Amino acid sequence: MRPTDSDTWKDRYLGVRGVALVEGVSDQLALEALAKRRGRDLEAEGIAIIPVGGSKNVDGHLAVFGPQGLDVTLAGLCDVAEVDDFRRGLERTGPGRNLSRADMERIGFYVCVEDLEDELIRALGSSTVERIVEAHGEMQSFRTFQKQPAQRGRQLNDQLRRFMGTRAGRKAVYAPLLVEALDIDRVPRPLDGVLSHL
């Protein structure tokens, strides 16, 4: 959903005190699952996690929820490849110029080393992720995927990460499953940072 009509968005989110802007639904589901594991009720706290539908759409959302709009506490999560889109959006809507990654984190915006799946797979370890894939009934599909020429010779973590992006909706299925399997003391820093900021 895009904030093309800012008044409609303002009406819809009136009363919200904090918003996390994320790239997609898998990021949203991962953060919601982590909040639940930490015993937080985001709705009761007045916090919304909103997928912007890709990093190119972040500007409009920042305008609606930032200082020029509802002026709520903001946080965000993006992949490393999209950090410049988020940085430019933040710079255009108020927090400052020439924002470094440290500056972005200080205002609640965190960058995944590669992407959400990479963060979760590294935190869990590939053998745990394979067990989750198997429990979800997709191990045969994964083994077939591994035999593709483009996948041969790649690290297992990279294969798992790529596999999760091969079918529409698969990332959204696995994001909460991977978060549920995490050792709560080994949560990837970007996810922890976003929730802690709100």
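**Exercise 1. A charged pair in helix α7**

Is arginine 122 buried or partly exposed? Work this out, then describe its charged partner.

*Solution.* We are working with a predicted model.

Step 1. Look up the relative accessible area of arginine 122, which is 40%. Buried means under 20% and exposed means over 50%, with partly exposed in between. Arginine 122 is therefore partly exposed.

Step 2. Find the partner. Arginine 122 makes a salt bridge with glutamate 119, and their closest N and O atoms are 3.2 Å apart.

Step 3. Place the pair. Both residues belong to helix α7 (residues 116-124), where they are three residues apart, about one turn of the helix.

Step 4. Check glutamate 119 in the same way. Its relative accessible area is 6%, so glutamate 119 is buried.

**Exercise 2. More salt bridges**

How many salt bridges does a search of the whole structure find? Describe two of them, and find a network.

*Solution.* Here is the idea to keep in mind: side chains of opposite charge can pair when their charged atoms come close.

Step 1. The search of the whole structure finds 16 salt bridges.

Step 2. Take arginine 40 and glutamate 45, whose side chains meet in a salt bridge at 2.7 Å, N to O. Arginine 40 has a relative accessible area of 23%, so it is partly exposed. Glutamate 45, at 25% relative accessibility, also counts as partly exposed.

Step 3. Now take arginine 88 and aspartate 85. Their salt bridge has its closest N and O atoms 2.7 Å apart. Because the two residues are three places apart in helix α5 (residues 83-93), about one helical turn separates them. Arginine 88 is partly exposed at 37% relative accessibility, whereas aspartate 85 is buried, with a relative accessible area of 10%.

Step 4. Look for a wider link. Lys56, Asp85 and Arg88 are joined in a network of salt bridges.

**Exercise 3. Building the sheet**

In what order do the four strands of the open sheet stand? Build the sheet up pair by pair.

*Solution.*

Step 1. Begin with strand β1 (residues 18-22), which pairs with β3 in the parallel sense over five bridges. Valine 19 stands opposite leucine 74 in β3, and alanine 20 has alanine 75 of β3 as its bridge partner.

Step 2. Go on to the other pairing of β3. Strand β4 (residues 109-111) pairs with β3 in the parallel sense over three bridges. Here cysteine 78 stands opposite valine 111 in β4.

Step 3. Put the strands together. The order is β2-β1-β3-β4, with parallel pairing. Since β2 (47-51) and β4 each have a single partner strand, they stand at the edges, and one side of each is left without a neighbour in the sheet. From one strand to the next, the twist averages 15°.

Step 4. Add a helix. Helix α12 (residues 189-197) packs on the sheet and touches β1, β3 and β4. The direction of helix α12 makes about 170° with that of β3.

Step 5. Ask how enclosed β3 (residues 73-78) is. Five of its six residues are buried, so β3 is largely enclosed by the rest of the structure.

**Exercise 4. Inside the structure**

Which residues does leucine 62 touch, not counting residues up to four places away in sequence? Describe its setting, then turn to the nonpolar cores.

*Solution.*

Step 1. Locate leucine 62: it sits in helix α4 (residues 58-65). At 1% relative accessibility, leucine 62 counts as buried.

Step 2. List the contacts. With residues up to four places away in sequence left out, leucine 62 touches Leu21, Leu74, Gly89, Leu90, Thr93 and Phe109.

Step 3. Compare sequence with space. Leucine 62 and valine 19 are 43 residues apart in sequence, and their C-alpha atoms are 9.8 Å apart.

Step 4. Move to the cores. In soluble globular proteins, nonpolar side chains tend to be buried together. The largest nonpolar core here has 38 residues, of which Leu31, Leu77, Val129, Leu178, Val179 and Leu191 touch the most other members. A second, separate core of 21 residues includes Val19, Ala48, Cys78 and Val83.

Step 5. Zoom in on leucine 178. Leaving out residues up to four places away in sequence, leucine 178 touches Leu120, Leu124, Val129, Ile132 and Met164.

Terms used: Residues are numbered from 1 along each chain as its sequence is written. This is a predicted model: local features need pLDDT of at least 70, side-chain atom pairs count only at pLDDT 80 or more; totals for chains, interfaces and linings use all residues. Side-chain values use heavy atoms; hydrogens and water are left out. Buried means under 20% relative accessible area, exposed over 50%, partly exposed in between (1.4 Å probe, protein chains only). Contact means heavy atoms within 4.5 Å. Two strands pair if DSSP finds at least two bridges between them. Axes are lines fitted to C-alpha atoms, for helices over the stretch in contact, and angles run from 0 to 180 degrees between N-to-C directions. A salt bridge is a side-chain nitrogen of Lys or Arg within 4 Å of a carboxyl oxygen of Asp or Glu. A nonpolar core is a set of buried Ala, Val, Leu, Ile, Met, Phe, Trp, Tyr and Cys residues joined through side-chain atoms within 4.5 Å.
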